Amino acid sequence: MNFIYDIETLRAVFSAVIYHAETGNWYVFEASRRRNNTPDLVAMIRYIRSVGGNMIGFNSLHFDYPVIHDIVAAGGTDELTAYMRAQTIIQSNDRFGHTIWPDRHHARQIDLYKMHHFDNRARATSLKDLEFNMRLDNIEEMPHDIHAEYLSDAQIDDVLHYNAFDVAATYRFWLHSRAMIADREKLSAKYNVDWINHSDKKIGQSYFIKRLEELQPGSCYRYVNGRREAIQTARERITVADILLPAAQAVTRPEFATAVDWFRQSVITATKGELKYKGQVGDCEFTLGTGGIHASLKRKHVKADDDWLIVDVDVKSYYPNLSIVNRLGPAHLGELFAVVNSEMFEMRKKTVKTDPDNGMYKLGMNGAYGDSGAEYGPFRDPQYTMAITVNGQCLLLVLADIVLNHTRSHVIQMNTDGITFMVQRPDRAIFDECLKVWEKHTGLELEHVDYSDVWIRDVNSYMARTTAGKLKQIGDYETADPADRQPRGWHQDCSAMVVPRVAECVLTTGADAMDTLVNWPDPFDFMLRLKVGRNSVVVDDTGRRSGRVTRYFVSKLGVQMRKDGGRVCAGWYVTCCNNAAEFDWFNLELRWYAQQVRKLIVDESYRPALRYG
């Protein structure tokens, strides 16, 4: 049984709304000057526990539930007490200081915020952001000052309505999250660990740590003065010559030899953004550094034809396999790390992709590498981070070196785990042999797919079509799944999705951009999101201020909005439509959208000269 809930903690009113997903029943509880039925809330929480129900919230473990926990412990509350408790949590600098651990919960908690890893700074996503991405008819903000000492009956009712609206939004997101919850239930039962509120990445890391500790107790943590501390290997500096594999130095072309030599002479003192090297391979500028390898043509349409093939080559499970083959890992974990890493890789091969274990193994291996550069946790060893990153880049240079030395090919892209080549058709057999040579040289495995077209705006944004007709869309070309309009990542900004969708039509079918825009049927595809932080201000030229998330469209008539003094869609009018009914087809300024589409239209063909012999 699942109970979706949310609370509001104003000085003048406390409210809690619970929705029973299976029956559709709503339960509203209030503490204010006009009534206090929080003892009924306490009874409801105890009922949920008695039937083994789940209380499902959004960012609830760090806010809503600690307040609820205190209310249950006290048998009820008044609005001021709840408000003061909430303010203590909000103003605290201790992220975990108010957490109530699961063994003390009055009812089982499921926090969708944590499950989707929105507590990661790079993925921070509010419920309002989700209301935009889920394309709800309304995006509502708290209608009244939470610090006001007095609210009228009508204003209190507004708060209750707002509270219920957030519960309805949380319910909608829960519907999208049920498969994730089911996977966590299966994994938790199988491994006898409570992973219900873990992100995918954290589940994988937790399993990795679990296996390390099972094989060698005390390998990951030690206890100091009764507190658990992660065992780590700290590094002040990393001499790249000490970690560069012999196989990664086997380049002969001057442009690559110079790059590898630069790495060999480098000393790393910071693993992010410190080192950067730029070189040239054919018509592509490539960049190496602590952040990875990147190379790309710019604003070109590359098309396979009678003379040229386009072959995209990726290293299979690159970073985990690079670690496994070369027995690389954090120094303090030694050979044990390699043993568990190999075990997880072999186990993953035995499971289908739909099995939750498959994702757990994959994310566990990748997460162990990722956390080797993080401040916390038992995988920390920056030298391991750099051993994988540096050797990964240099081995891709080795691949390019072999291919370019033995075939009449060109590099059109390079990224973290692969290279896209243009290959002259008569050289295909030799090209394939080059891939096998590299595999034998490195002990790693390559995968490849043939493209019919690649539209490249820059290294971060491109679209490719396989010879089977499947599209790969990266960066600004990325769209939501057209089947159900859900974003590929809920943390992403799905503003003006009409732009990449129309660009896709133009590039793949030759459609006219403006004609396609005029006939586009979905109003939500034209809507944009404006998101601001707690200390930012959005104001229009009438002086009206907007909330933290504002939905709008670019319009012929409207207002000019400013965020922290800067213009939003500078030079154009916008119209707010937090209520989707405010969208007006006749006021839609299609010229702005056409302008954005044109930025993605890459029509300059790239065709290198044929080389013979």
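This talk goes through strands, aromatic rings, cysteines and two serines in one structure.

Good morning. Please keep in mind throughout that the model is a predicted one.

I begin with the strands. Strand 4 covers residues 54-57. On its one side, strand 1, residues 2-9, is joined to strand 4 by 3 bridges, and the two run parallel. Strand 4 also pairs with strand 5, residues 108-111, again in the parallel sense, here over 4 bridges. A convenient residue to follow is M55, for F3 stands opposite M55, and in strand 5 the bridge partner of M55 is Q109.

In a regular strand, side chains alternate between the two faces of the sheet. Which residues of strand 4 lie on each face, and are they buried or exposed? N54 and I56 lie on one side, M55 and G57 on the other, and all of these are buried, so both faces of strand 4 are covered.

A second sheet offers a contrast in pairing. Three strands form an open sheet in the order 21-23-24, with antiparallel pairing. Its edges are strand 21, at 538-540, and strand 24, at 566-567, each of which pairs on one side only. Strand 21 is joined to strand 23, residues 561-563, by 3 bridges, and within this antiparallel arrangement D540 stands opposite M561.

I turn now to the aromatic rings. A search of the whole structure returns 30 aromatic pairs. One of them is formed by Y113 and F118, whose ring centres are 6.1 Å apart and whose planes make an angle of 70 degrees, an edge-to-face arrangement. Both partners are buried: Y113 has a relative accessible area of 15%, and F118 is at 0%.

Another edge-to-face pair is that of F526 and W585, at 5.6 Å centre to centre and 80 degrees between the planes. Where in the chain do F526 and W585 lie? F526 sits in the loop between helix 15 (513-518) and strand 20 (528-531), whereas W585 belongs to the loop between strand 25 (573-576) and helix 16 (590-600). The pair thus links distant parts of the chain, 59 residues apart. The two rings also differ in accessibility, since F526 is buried at 0%, while W585 is partly exposed at 39%.

Beyond these pairs, one aromatic cluster is made up of F208, Y318, Y319, F337, Y369, F379 and Y384.

Two arginines lie over ring faces. R178 is placed over the face of W174, 5.4 Å from the ring centre. R228 lies over the face of Y221, with a distance of 3.7 Å to the ring centre.

Next, the cysteines. How many disulfides does a search of the whole structure find? The number is 0. C434, for instance, is in no disulfide, and the nearest cysteine sulfur, in C284, is 18 Å away. Why does C494 form no bond with its closest cysteine? The closest cysteine sulfur, in C577, is 15 Å from that of C494, which is too far for a bond; the cut-off applied is 2.5 Å. C434 is buried at 4% relative accessibility, and C494 is likewise buried, with a relative accessible area of 11%.

I close with two buried serines. S495 lies in the loop between strand 19 (471-474) and helix 14 (498-509). With a relative accessibility of 17%, S495 counts as buried because the limit is under 20%. What does the side chain of S495 reach at 2.7 Å? The backbone nitrogen of R529 is its partner there. A polar contact, also of 2.7 Å, joins the side chains of S495 and D493. Leaving aside neighbours within four places in sequence, S495 is in contact with F132, M527, L528 and R529.

The other serine, S32, is part of strand 3, residues 25-32. S32 is buried too, at a relative accessible area of 7%. Its side chain makes a polar contact of 2.5 Å with the side chain of E30. Which residues does S32 contact, once neighbours within four places in sequence are set aside? They are A12, V13, E79 and I156.

To end, I return to two results: strand 4 has both of its faces covered, and the F526 and W585 pair links distant parts of the chain. Thank you.

Terms used. Residues numbered from 1 in each chain as written. Heavy atoms only, no water. Buried < 20%, exposed > 50% of the residue type's maximum accessible area, 1.4 Å probe, protein only. Pairing = 2+ DSSP bridges. Phe/Tyr/Trp six-rings, centres within 6.5 Å; stacked < 30°, edge-to-face > 60°. Lys NZ or Arg CZ within 6 Å of the ring centre and 35° of its normal. Polar contact = N/O pair within 3.5 Å; in protein donor to acceptor, adjacent residues only side chain to side chain. Contact = heavy atoms within 4.5 Å.
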